[in-house]
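This report is an introduction for a reader who is meeting the structure for the first time. It begins with the chain as a whole and then turns to charges, salt bridges and a few individual residues.

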Amino acid sequence: MPARTPLPVHLHWRSVLLVFVGGAIGTTVRYLLSAAVPTVAGIPLITLVINVTGAFVLGWLLEALALRGPDAGRRRDLRLFAGTGILGGYTTYSSFAVDTDGLFAAHNPGGGVGYAVATILIGAAASVAGIAAAAALGRRRARRAGAGR
């Protein structure tokens, strides 16, 4: 009888549950923020803020986890719960697309293009900044650990 291959991570009930619970949390936070913060001159800036902060935190989280070791055990659980779940639910590129389309539909193509470009460029920069911040903290932690020996 051939050896049984393990199920991929996305087919484990525990992994699915971690993503589901995290996603519910992230989506709820995003909804509450979106409902509480009005648009500014017709531009839904809260969606931009949500996506940029989410990109920063996700970049930081994934780099910090990668620096601590392989994607297994608690690190994998944290990545699935916080990264895929919470931050996946918190960030919202579907709302970003709808908001951009809404600006075009409102005959504000300049606002639509500006909003789309700003979201993508600032989000990418925020992700890189999050990665850099985690890497810097990792280097500092490594120096401290080396000095303590």
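## Contacts and overall fold

In this model, which is predicted, residues 24 or more positions apart in sequence account for 75% of the contacts in the chain that have a separation of 6 or more. The chain contains five helices and zero strands, and reading from the N terminus its elements follow the order α-α-α-α-α.

The radius of gyration of the chain is 19 Å, whereas a compact globule of 149 residues would have a value near 15 Å. Taken along the principal axes, the C-alpha atoms of the chain fill a box of roughly 60 × 50 × 30 Å.

## Surface and charge

Of the 149 residues in the chain, 30% count as buried. The chain exposes about 9,400 Å², and carbon and sulfur atoms supply 70% of that area.

The charged side chains are made up of 14 positive and 5 negative ones, and the centres of these two sets lie 17 Å apart.

## A salt bridge between two helices

How many salt bridges does a search of the whole structure find? The search finds three, and one of them is formed by Arg 14 with Asp 77, with the closest N and O atoms 2.7 Å apart. Because Arg 14 lies in helix 1 (residues 13-36) and Asp 77 lies in helix 3 (residues 73-90), this pair ties together parts that are 63 residues apart in sequence.

Neither partner counts as buried, since the cut-off for that class is under 20% relative accessible area. Arg 14 is partly exposed at 44% relative accessibility, and Asp 77 is also partly exposed, with a relative accessible area of 21%.

## A network around Asp 71

Asp 71 takes part in a salt bridge with Arg 76, in which the closest N and O atoms are 3.6 Å apart, and the side chain of Asp 71 also meets that of Arg 79 in a salt bridge of 2.7 Å, N to O. Salt bridges that share partners thus join Asp 71, Arg 76 and Arg 79 into one network.

Are the members of this network buried, exposed or partly exposed? Asp 71 is partly exposed, with a relative accessible area of 36%, while Arg 76 is partly exposed at 27% and Arg 79 is partly exposed at 22%.

## Two buried threonines

Thr 47 has its place in helix 2 (residues 45-68), and with a relative accessible area of 5% this residue is buried. When residues up to four places away in sequence are not counted, Thr 47 touches Thr 92, Ser 95, Phe 96, Asp 99 and Tyr 115.

Thr 119 is found in helix 5, and at 1% relative accessibility this residue counts as buried. Which residues is Thr 119 in contact with, leaving aside its neighbours within four places in sequence? Those residues are Leu 48, Asn 51, Tyr 93 and Phe 96. Phe 96 therefore appears in the contacts of Thr 47 and in those of Thr 119, as a reader can check by comparing the two lists.

## Positive phi in two loops

Most residues other than glycine have a negative phi. Against that background, Ala 41 has a phi near 55 degrees, which is a positive value in a residue other than glycine. Ala 41 is found in the loop between helix 1 and helix 2, and at 75% relative accessibility this residue counts as exposed.

What is the phi of His 107, and where does His 107 lie? Although His 107 is not a glycine, its phi is positive, at about 60 degrees. His 107 lies in the loop between helix 4 (93-105) and helix 5 (109-147), and at 73% relative accessibility His 107 counts as exposed.

Conventions. Residues numbered from 1 in each chain as written. Predicted model: local features only at pLDDT ≥ 70, side-chain atom pairs only at ≥ 80, totals over all residues. Heavy atoms only, no water. Helix = DSSP H or I, 4+ residues; strand = E, 2+ residues; numbered from the N terminus. Rg over C-alpha atoms; globule rule 2.2 N^0.38 Å. Buried < 20%, exposed > 50% of the residue type's maximum accessible area, 1.4 Å probe, protein only. Contact = heavy atoms within 4.5 Å. Areas by Shrake-Rupley, 256 points an atom, 1.4 Å probe, with all protein chains shown as cover. Lys, Arg positive; Asp, Glu negative; His and termini not counted. Charge placed at Lys NZ, Arg CZ, Asp CG, Glu CD. Salt bridge = Lys/Arg side-chain N within 4 Å of Asp/Glu carboxyl O.
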